[in-house]
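Visitor: I would like a close look at a single strand, and then at what lies around it in the chain. Please keep to plain geometry.

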Amino acid sequence: MMMFKHDDSNSRKNMKSAVIKGGFSLFEILIVLVILGIVSSMGVYAWQRFVANNNLRTAARDIAADIALYRQKAVGQNDDYMVTFDVANNNYTITHAKDSDATVKSPSVFGADIRLDTVTFGSDIINIKSRGLVGTGSITIKNSRGSSAKIRISSAGRTNLQFTMK
C-alpha cells in the first residue's frame, strides 16, 4: 500500500501570500489619509474664499437693487427718497425725503465680514428725486479677504458694479 504524505509547506506559503495580497498595510492607509487631509484642507480654503466673495457680490447687488427700486418708486409716486449711508456703523437707511423720521427700509445686508468702505456722495446721502435723478458718486464695500465691490451711480440713476476679488 502506498501512502501519500501531505506536504503542507506549499499550502502555508500560498496562505501567507493570499493574506498579504488581499489587504493594505497600515502605512499605505496612513499615506492615503494624509493625502486626503491635504486635498480636503485645500478644498475648505477655496470654499471659504468662494463664500466670502459671494457674500460681497450679493451685498453689492442688493445695494444697487435698492437704489434702482426706490428710483422707480420715486418716479412712479412722484415722491423723493433719501439713502443715507452710515460708514461708522456699517449700514444704510432709506427714508422719505419729506419726512426723514419715517424709515422706509433699513436693511441688514452687511454680514460680519462685509463693511462699507467709502461713500463719495455729499454727506454720504443719495437724494433720489421724483424725476428719477440721482447725484453722481460711488459706494465701495469690502470683505475680510480684501476683495472689494464698487457701485458707481450716474446722475441719471444708472448703476455700474465693479468687483476686485482676491
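Visitor: Which residues of strand β5 (residues 125-128) make up its covered face, and which its uncovered one?

Guide: The covered face of β5 consists of I126 and I128, and the uncovered face of I125 and N127. In a regular strand, side chains alternate between the two faces of the sheet. This is a predicted model, in which local features need pLDDT of at least 70 and side-chain atom pairs count only at pLDDT 80 or more, while totals for chains, interfaces and linings use all residues. Residues are numbered from 1 along each chain as its sequence is written, and side-chain values use heavy atoms, with hydrogens and water left out.

Strands and helices here are DSSP runs numbered from the N terminus (strands: E, at least two residues; helices: H or I, at least four). Two strands pair if DSSP finds at least two bridges between them. The partner of β5 is β1 (81-86): the two run antiparallel and are joined by four bridges. One of these contacts can be followed by residue, since N127 in β5 is the bridge partner of M82. N127 also belongs to the uncovered face of β5.

The loop between β4 and β5 holds S123 and D124. Both residues depart from the usual sign of phi for non-glycine residues in the wording used here: phi of S123 is near 60°, a positive value in a residue other than glycine, and phi of D124 is likewise near 60° and positive. For burial, relative accessible area under 20% is buried, over 50% exposed, and anything in between partly exposed (1.4 Å probe, protein chains only). S123 has 67% relative accessibility and therefore counts as exposed. D124, at 24%, counts as partly exposed.

I128, on the covered face of β5, is also touched by D79. Contact means heavy atoms within 4.5 Å. Leaving out residues up to four places away in sequence, D79 touches A74, H96, K98, I128, K129 and S130. D79 sits in the loop between α2 and β1, and its 12% relative accessibility is why D79 counts as buried.

On the other side of that loop in sequence, strand β4 belongs to an open sheet of four strands in the order β4-β6-β7-β8, with antiparallel pairing. β4 (114-119) and β8 (159-164) stand at the edges with a single partner strand each, so one side of each has no neighbour in the sheet. Neighbouring strands of this sheet are turned by 20° against each other on average, direction ignored. Axes for such angles are lines fitted to C-alpha atoms, for helices over the stretch in contact, and the angles run from 0 to 180 degrees between N-to-C directions. β4 and β6 (residues 137-143) pair in the antiparallel sense over five bridges, and in β6 the bridge partner of L116 is I141.

A side-chain pair spans the β4 and β6 strands as well. D117 and K142 meet in a salt bridge at 3.7 Å, N to O, where a salt bridge is a side-chain nitrogen of Lys or Arg within 4 Å of a carboxyl oxygen of Asp or Glu. D117 lies in β4 and K142 in β6, 25 residues apart, so the pair links distant parts of the chain. D117 is partly exposed at 29% relative accessibility, and K142 is partly exposed at 27%. By this rule the count comes to one salt bridge.

Helix α2 (residues 26-77) lies across β4, β6, β7 (148-153) and β8, running at about 155° to β6. In the loop between β7 and β8 is A156, partly exposed at 34%. Neighbours within four places aside, A156 is in contact with R71, G132, L133 and V134. A156 and G132 are 24 residues apart in sequence and 6.9 Å apart in space, C-alpha to C-alpha.

For the chain as a whole, there are two helices and eight strands, in the order α-α-β-β-β-β-β-β-β-β from the N terminus. Buried residues make up 26% of the 166 residues. Among contacts between residues at least 6 apart in sequence, 50% join residues at least 24 apart.
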